[in-house]
Amino acid sequence: MKIAVISDVHGNRLALEAVLDDIVRQGVDATFNLGDLVSGPLEPNWTADILMDLDIPTVRGNHERVLVDYPPDKLGPVDRFAQQQMEERHRIWINDLPPTLAMLDDIFLCHGTPTSDDEPWLDSWWQGRTVTTPDEATVAAKAEGFDYPVMLCGHTHVPRAVRLRDGRLIVNPGSVGLQMHHGSPDARYATIELRDGRYYPSFHVVPYDHFAAARQAEANGFPQWREALVTGWVGAEGLF
Ligand SMILES: [Fe+2]
């Protein structure tokens, strides 16, 4: 059994389509989505319509929470853009998404950590532009009480797989639509494959027309996203 894992699409329809094409070539049995679906100055509605049509297991990210719960004046400019673009069908769909999901008895889906959509798990990416790897105790503490062989998280946009001492696997597939910190504009996702009772994670790098995505951001009035989409080096500061 092979499962594709996508996360942090952030309204980047071009990147999403490239990743979905690549997933078809992988021949997976299912695809799971870890949230932060539409918040980006690109194509939130088109992205939402594609994801709604896919109808795959999806958890909400921190950006879905604010899009549904916050009034426009409490939102940052990117979330406000997405909220203004969204139509009623998108709001209803996003409002119904759960914060976490357990699939196939042994795979747990969350956006940040099992107990928070806003807390990073495998990286401490908010500290300037430096990606810092948290220590073992910090990572393991956030897994406490969640007895699943595989736990999937997003939020930091940095692809990483960690195996705890007790064998549990934590995988962050990276971001489909917004590369930060690691210096590549290419879209990211992961697959996990069950073979002989073990889950094998793999990371996938998908080139797409990131210059076209950057032009969309500029045309929508968000030039700061251009540098992020073109290089993949920018940190989260100033983007949202
Ligand atoms: Fe995100």
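Which residues of helix H3 (residues 62-69) are buried? In this predicted model, the buried residues of H3 are Asn62, His63, Glu64, Val66 and Leu67. Their cover includes helix H4 (77-85) and helix H5 (88-95).

The iron ion is bound by four protein donors, namely Asp8 (OD), His10 (NE2), Asp36 (OD) and His157 (NE2), at distances of 2.0 to 2.3 Å. Along the chain, these donors are spaced as D-x1-H-x25-D-x120-H. Asp8 is located in the loop between S1 and helix H1 (13-26), whereas His157 is located in the loop between strand S5 (150-152) and strand S6 (160-163); the pair therefore ties together parts of the chain that are 149 residues apart in sequence. Asp8 and His157 are both buried.

The angles subtended by the four donor atoms around the iron ion range from 86 to 179°, and the arrangement is therefore irregular. A tetrahedral assignment would require all angles to lie between 85 and 135 degrees, and the upper end of the range, 179°, falls outside that window. For reference, the ideal angle for four tetrahedral donors at a metal is 109.5 degrees.

At the surface, a nonpolar patch is formed by Met1, Leu104 and Leu194, which together contribute about 240 Å² of accessible area. Met1 belongs to the segment that precedes strand S1 (2-6). This residue, Met1, is classed as partly exposed because its relative accessibility is 37%, a value between the limits of 20% for buried and 50% for exposed residues.

Terms used
Residues numbered from 1 in each chain as written. Predicted model: local features only at pLDDT ≥ 70, side-chain atom pairs only at ≥ 80, totals over all residues. Heavy atoms only, no water. Patch = residues over 30% accessible without salt bridge, like charges linked within 9 Å, V, L, I, M, F, W, Y side chains within 5 Å. Areas by Shrake-Rupley, 256 points an atom, 1.4 Å probe, with all protein chains shown as cover. Salt bridge = Lys/Arg side-chain N within 4 Å of Asp/Glu carboxyl O. Helix = DSSP H or I, 4+ residues; strand = E, 2+ residues; numbered from the N terminus. Buried < 20%, exposed > 50% of the residue type's maximum accessible area, 1.4 Å probe, protein only. Donors = N, O, S within 2.8 Å, 3.2 Å for Na, K, Ca; no water. Tetrahedral: all angles 85-135°; square planar, octahedral: opposite > 155°, others 65-115°. Contact = heavy atoms within 4.5 Å.
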